[in-house]
Amino acid sequence: MMLVAAMICGCFACDDEFLERYPQTSVAPPTFFKSVSDLELYVNGLYSVNPRWEDMSSDNVTVSIDNQPYTGLLYGRVTPDNVSGDGWNWSFLRNVNLMLGNLDEVSGEAADINHYVGIARYLRARFYIGKVQIYSDVPWYDKELTTTDEDLYKTQDPRTFVVDKIMEDLEFAVANIKPDMGNRTRMHKYVALAELSRFALYEGTYRKYHTELELTGTANRFLERSVSASEEIMNSGNFEITGTGVEELAQGIAGCAGFRALFSSAKLDGNREIIQWKEHGMFSFRIENRANSLTESSRMIYSLSRSLQESFLTKDGKPFSTVADYDKKAYKDVFTDRDPRMAETFFWPGLGDEDATSPKTVPPSLGGYWQSKYFTPYAAILKAGDNTWQMTSLPVFRYGEVLLNYAEAKAELGQLDAAAINRSINLLRARVNMPAFNAANEVDATLRSLYPDVSDVNILAVRRERRVELAGEGLRQQDLYRWKAGKLYEAEISQQGVYIPSLPFAYDTNGDGLLDHGVAETASKHIETDDPVVWYDLDDATGLIYRDASGFIRIKDDQTRKFDEPKCYYTPIPTGQIVLNPNLKQPPGW
């Protein structure tokens, strides 16, 4: 049984000398927790962070060729019989509980001991947050289990009980982890507060919008805690929105170097917006972020969506839908006079190496919108003296997200007044020279169509702001889930890419005035041109794309999406686990 095996033989990520003091195969009470340094060493072995640089399982992306669990769920291919068992794995929890259950003989100052206990409890909370997000009800274990422990075979504890335990762990972490941030790569008090700000918002909105849970009456206490946790960070004076001001990237296209620096810097220790960051590493591909990982054909695994593109306001603070023929714009024209964050998210015409002397072309495959966020220009590689690798460090928690958590929780509570807006969203707007937040002017029919069950313009406008500020940072899927907005996966606008007005059609994607990519029905219908056009033929059996009735590029295999509610908000427990423990029950809908 996976749970039994994990609880008994969970692996330790500590050094060999430390492990030799307590054999992994032993289930006898450990004897090595004697000092604060023992706790430090053990916790260091447990702790890891894995920041994201994409939103592949969300409506920010048309489709991905390597997100099979996500597409399998939408296509009805995932079942309890074939689902991966990775989610139902408990080995990490066993390792945390081993330490927390064996502290009696530790000597040292109480504050030092509780600092590491706080980190361990933070890690347990983070572990259970992941479990609640995919299963809802799960068994709560706060002790190391043995092979004869009856709790191995108990049913799930209710979501309410588990979430209260998560909150207890986070509150202990906030109260006891020391505030010293060092270079901000390790755990400190404000990391725990940022997690609390994020999770309390998640749980509060989940309970508010998932009425089937019958927990709406308990939502506000979580929203209020998200506000207060955010305020503690905001009032600390340790963080600020950095790098204000915009720059012209090309005619009509503006960007913001300060915003870009958060996602394309080798080091982030000097950036005061960073609460915690992950330094790049040579052996973890998702972390190392090679300069070409998002742009070369061998790694172009997804395309950003039309839905995300149209979420960016114009530079004067109006919805893109207010622009004449906004839904008929050629690729390079959608970037004109937009929120500067768009060019820091979408691969704008002319982006290439530093100084744009070698602008890259963007093919229509998978949808035609590449992601620029996290992109490191090629010239930076040469300056680094290495023509193979140029890696960036990534934010884990940043102040900008905390401000958005605060603003959204305030909006959900009906408390988003001018003072709250000025100390949150307007700070983000000021960085990129965007007009001050004005919900009444920013909510259009398109935004309302995304969230038809929401009428409050403040909530709608905050959701837009959150989407454009945090695009590509791995938060969008859980945002959709907590808002009960899963039906957006079925929406055409979520699956559409660039607009192609007619066939055949060749267009300029790098702003050099030359046609570089084209779409045609067949090879026999290519347009004669002196420009070096690379054609994509829709009748090509190996091709992935087609042009829909509205003229937008879409993926051939992405036409049967169905998001079943509440089923698709959860992951099924593998059948084998329920056979081993018949007391387990599948999540809602399964």
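**Sheet, helix and loop in a predicted model**

Reader: In what order do the strands of the open sheet run?
Author: This is a predicted model. Three strands, 3 in number, build an open sheet, and their pairing is mixed. The twist from one strand to the next averages 20°. The order is β7-β8-β9.

Reader: Which strands are the edge strands?
Author: An edge strand here pairs on one side only. That holds for the strand at 505–507 and for the strand at 534–537. They are β7 and β9.

Reader: In what sense do β8 and β9 pair, parallel or antiparallel?
Author: Strand β8 covers residues 517–520. Its pairing with β9 runs over 4 bridges. In β9, Tyr536 is the bridge partner of Val519. The sense of the β8 and β9 pairing is parallel.

Reader: How many helices and strands are there in the protein?
Author: The protein has 590 residues, and 56% of them count as buried. Take contacts between residues at least 6 apart in sequence: 70% join residues at least 24 apart. The count of elements is 22 helices and 11 strands.

Reader: What share of the accessible surface belongs to carbon and sulfur atoms?
Author: The accessible surface of the protein comes to about 23,000 Å². Carbon and sulfur atoms hold part of that area. Their share is 49%.

Reader: What distance does helix α9 reach from its first C-alpha to its last?
Author: Helix α9 spans residues 219–235, 17 residues in total. At 1.5 Å a residue, 24 Å is expected. The model comes close to that, at 25 Å.

Reader: Which elements do the buried residues of α9 pack against?
Author: The buried residues of α9 include Phe222, Leu223, Val227 and Ile233. Arg225 is also one of the buried residues there. Their packing partners are three helices and a strand: α7 (159–176), α8 (189–209), α14 (399–412) and β4 (274–278).

Reader: Which residue just after α9 takes a positive phi?
Author: The helix ends at residue 235. Just after α9, a phi of about 80° appears. The residue is Gly237.

Reader: Why does Arg52 count as partly exposed?
Author: Arg52 is found in the loop between α3 (36–46) and β1 (61–64). Buried means under 20% relative accessible area, and exposed means over 50%. Arg52 falls in between because its relative accessible area is 40%.

Reader: What separates the C-alpha atoms of Arg52 and Leu394?
Author: Leaving aside neighbours within four places in sequence, Arg52 is in contact with Tyr374, Gly472, Glu473 and Gly474. Arg52 and Leu394 are 342 residues apart along the chain. Their C-alpha atoms are separated by 8.1 Å.

Definitions and conventions: Residues numbered from 1 in each chain as written. Predicted model: local features only at pLDDT ≥ 70, side-chain atom pairs only at ≥ 80, totals over all residues. Heavy atoms only, no water. Helix = DSSP H or I, 4+ residues; strand = E, 2+ residues; numbered from the N terminus. Buried < 20%, exposed > 50% of the residue type's maximum accessible area, 1.4 Å probe, protein only. Contact = heavy atoms within 4.5 Å. Areas by Shrake-Rupley, 256 points an atom, 1.4 Å probe, with all protein chains shown as cover. Pairing = 2+ DSSP bridges. Axes fitted to C-alpha atoms, helices over the stretch in contact; angles between N-to-C directions. Expected span 1.5 Å × (residues − 1).
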